[in-house]
Amino acid sequence: MTIKKFLLLITGIATLFLLALPGTASAASHMRTPINYLKSSETIPYPDINKLKDPWIKVSIAKNRVYIMDGHRCVYTMYASAGKYESKHGKRVSATPTGTFTIQDDRGASFYNAAVKCGANNYVSWHDNGAYLFHSVPTDKNGHYIKSEAAKLGKQTASHGCVRLSVPDSKWMMSVPTGTKVVVQEN
């Protein structure tokens with residue numbers, strides 16, 4: 001085998017390896033750009049969560065992404081915005097807790113929180129029975145999407161601790177069964 005053929009082989013293997021990683025070329029190639037909070041994050045159909053062998057959800061706060069996983073393989077990537085960063089004890093910390101959680105029973109079509117003057121559609125609890133949710137981009141008291149907040153989706157952290165998603169992505173998230181593992185990480 002010539003050096004040129006060997007390098008082509010190694011490059012091909014490395015490319016296949018990278019394509020299998022969440023958030024890399026395979027997922028990125030289907031990502032919708034520009035980001036539109038009224039459309040799904042990817043241009044391919046959502047996975048059927050009930051047909052995945054080992055489904056779980058990975059949240060990357062810093063990358064503003066939610067990865068739908070099947071074992072070690074990412075099958076779908078969603079634009080997201082988790083909790084804003086705050087300074088606590090001299091450290092920069094997100095309002096979204098990190099760790100391993102599960103999808104809970106608490107879910108519904110919409111809510112409004114007068115204390116923070118916003119609500120959302122399609123909510124699903126993943127921690128503290130409704131305190132931390134996956135939900136759509138925020139709505140005002142009349143149920144209209146707040147466009148200035150929706151513009152942050154996938155670009156920056158923005159919530160009070162929940163994980164914001166596009167409207168269609170939040171609808172799909174409602175199909176995720178109770179008990180599904182959710183891993184929330186800084187990176």
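I take a disulfide to be a pair of cysteine sulfur atoms within 2.5 Å.

**Entry 1: basis of the work**

I am working with a predicted model, in which local features need pLDDT of at least 70 and side-chain atom pairs count only at pLDDT 80 or more, while totals for chains, interfaces and linings use all residues. I number residues from 1 along each chain as its sequence is written, and my side-chain values use heavy atoms, with hydrogens and water left out.

**Entry 2: disulfides**

I searched the whole structure for disulfides and found 0. I then asked why C118 has no bond to C162. The closest cysteine sulfur to that of C118 belongs to C162 and lies 8.9 Å away, which is too far for a bond. C162 is likewise in no disulfide, its nearest cysteine sulfur being that of C118.

I next looked up accessibility, calling a residue buried under 20% relative accessible area, exposed over 50%, and partly exposed in between (1.4 Å probe, protein chains only). C118 counts as buried at 12% relative accessibility. C162 is also buried, with a relative accessible area of 13%.

**Entry 3: salt bridges**

I count a salt bridge where a side-chain nitrogen of Lys or Arg is within 4 Å of a carboxyl oxygen of Asp or Glu. How many salt bridges does this rule give? I obtained a count of 4.

I examined R73 and D70, whose side chains meet in a salt bridge at 3.7 Å, N to O. Is each partner buried or exposed? I recorded R73 as partly exposed, at 47% relative accessibility. D70, by contrast, is buried, with a relative accessible area of 14%.

I turned to E86 and K88, which form a salt bridge with their closest N and O atoms 3.8 Å apart. E86 is partly exposed at 35% relative accessibility. K88 is partly exposed as well, its relative accessible area being 41%.

**Entry 4: a bridge between distant parts**

I found the side chains of E149 and R164 meeting in a salt bridge of 2.7 Å, N to O. To place this pair, I used helices (H or I, at least four residues) and strands (E, at least two), which are DSSP runs numbered from the N terminus. E149 is in helix α3 (residues 147–150) and R164 is in strand β10 (residues 163–165), so that the pair, 15 residues apart, links distant parts of the chain. I also noted that salt bridges with shared partners join E149, K152 and R164 into one network. Within this network, R164 counts as buried, at 4% relative accessibility.
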